[in-house]
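The following exercises concern a ligand and the protein that surrounds it. Work through each task with the structure in view, then compare your reasoning with the solution.

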Amino acid sequence: MYSTQTPFSVCFRGLDTHYSQQHTMESTQACDIAIIGGGIVGSALSYFISQSTQNDKKVVLIDRSLSTLKGSTGHAPGFVGQFNESEVLTRLAIETVKEYTKVPGGFDVVGGLEIATSCDGVDRLRSRCEMAKRAGLAAELISSEHAVSMAPDLVKDDNQIALYFSGDGAANAIRITSFYQEQAQSQGVKLVEADATEIRQANGCVEGVMTTSGFIQAKQVIIATGVWATELCKFDIPIPIVPVAHPYMYGEIHTPRLRKAPWVRWPQHHVYARDHGGFYGLGSYDHEPVLYQPKATAIGDWIENFDGTLSHAAQFIPEETQIVPREKFNGIFSMTPDNMPLVGNIPSVGGLYMAAAVWVTHAAGTAKLLTQMLEGQAVDETIRRALDPSRFQGRDMATLTQESLNGYNNIYKTEEQKA
Ligand SMILES: Cc1cc2nc3c(=O)[nH]c(=O)nc-3n(C[C@H](O)[C@H](O)[C@H](O)COP(=O)(O)OP(=O)(O)OC[C@H]3O[C@@H](n4cnc5c(N)ncnc54)[C@H](O)[C@@H]3O)c2cc1C
């Protein structure tokens, strides 16, 4: 089945350096688990599988570009807000933060502020604060003045109230991904740089993955290809992973402040800002949702209307900060009809799993959960059902796509399935 002459490019990623070497096909011709996609989700998965005490398995991590991250992970500003009105997502986020704080330089606990600009917003923040506390998170309503003192360059002094999450922060998604790959590799995981073109099946079970460098036989295959996930989903259930365009900008470089400001979000206006240290970043969901098919990277062409979206967002920042775009981009990520990821097995194909539409915020927790599923361990039924990739069975794709787009302007709201 294989040509042992076929070269694979096997890339090794260090924390700060990348290098690659040629490797022959022989060492990767057959494996137990093939993970397709080496973004933060696939890389975390390779790490947790390799760390598992049950692991005696040969694991291969396949990505078309290991030396440079071409997916969403390479462009995410990395906001991690643990509280979500979906209990499932909150639990995954809490687990994720626990893991990211173990990664050297992986997570900066700068905190997060949500700002209410009107009475409606105040009610919402009060209720979010109560729910977050019930979920065991540190959450506190603070005065507008207090919020200004925490982030004077980002918060105006004419707001109503703010909600402060002291345990939230910024994930360095590229560093975390490198770390997970490096650790996985040291535990024997093979990294293969190739394009996966097809998942082969026989008699209702996976056989392996056809790649541009040859066939990789595998007993279990996991699709973790982010915004490209549907390209490999040739099976009988709808997989509504809808790639959308999203504007983000970096402001002018300035001397870093003594202490980094917390993340700031204006939930009523779908706007958020980050202190990157030497510059500020600004993003907005306040525009007509745009379905955007990714090409080679998760960066799309700039959309003219996005200039208006970002200048509107800039109105929330104090004038003295003079936030203007030094660089702006259209980053692509995935939406789903219920704003929940698709994680778990594909019932009609034995050995086939997926983990897609997963945010950086939930990646490590999700990867741990899927590792348990792969090992046949029992997982919480509420979580399994909420994330089940087959939950849209019987629905038509046109409606599911529209529902996914509708969710874009309400990105933090979810409708999870009840057990
Ligand atoms: C502008 C922007 C802002 C964001 N902000 C945040 C944020 O603040 N907080 C947050 O939690 N999330 C944020 N996200 C979302 C987050 O980045 C993604 O949800 C997350 O990175 C997805 O990770 P992934 O590993 O699933 O996908 P990706 O990072 O896209 O990785 C998929 C990988 O699969 C590979 N691949 C695809 N197809 C194939 C194939 N056929 N063969 C081989 N390899 C293949 C790609 O090369 C890629 O490396 C943001 C995203 C963007 C774009």
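**Exercise 1.** Identify which residues come nearest to the ligand.

*Solution.* Step 1: collect the residues around the ligand, that is, those with a heavy atom within 4 Å of it; there are 31. Step 2: pick out those that come nearest, namely Asp 63, Thr 73, Ala 196, Val 358 and Thr 361. The model is predicted, so local features need pLDDT of at least 70 and side-chain atom pairs pLDDT 80 or more, while totals for chains, interfaces and linings use all residues. Residues are numbered from 1 along each chain as its sequence is written, and side-chain values use heavy atoms, without hydrogens and water.

**Exercise 2.** Find polar contacts (pairs of N or O atoms within 3.5 Å) of the ligand, and state how much of its area the protein buries.

*Solution.* Step 1: a polar backbone atom of Val 358 lies 2.7 Å from a ligand oxygen. Step 2: for Ile 40, a backbone N or O atom is 3.2 Å from an oxygen of the ligand. Step 3: Asp 195 places a polar side-chain atom 3.3 Å from a ligand nitrogen. Step 4: the ligand alone exposes 1,000 Å² (Shrake-Rupley method, 1.4 Å probe), and the protein buries 98% of that.

**Exercise 3.** Explain why the ligand lies between the two domains.

*Solution.* Step 1: note the bounds, from an automatic or database assignment: domain 1 is 7-72 + 174-239 + 340-395, and domain 2 is 112-166 + 242-335. Step 2: both domains give residues to the shell around the ligand, so the ligand lies between them.

Conventions: Polar contact = N/O pair within 3.5 Å; in protein donor to acceptor, adjacent residues only side chain to side chain.
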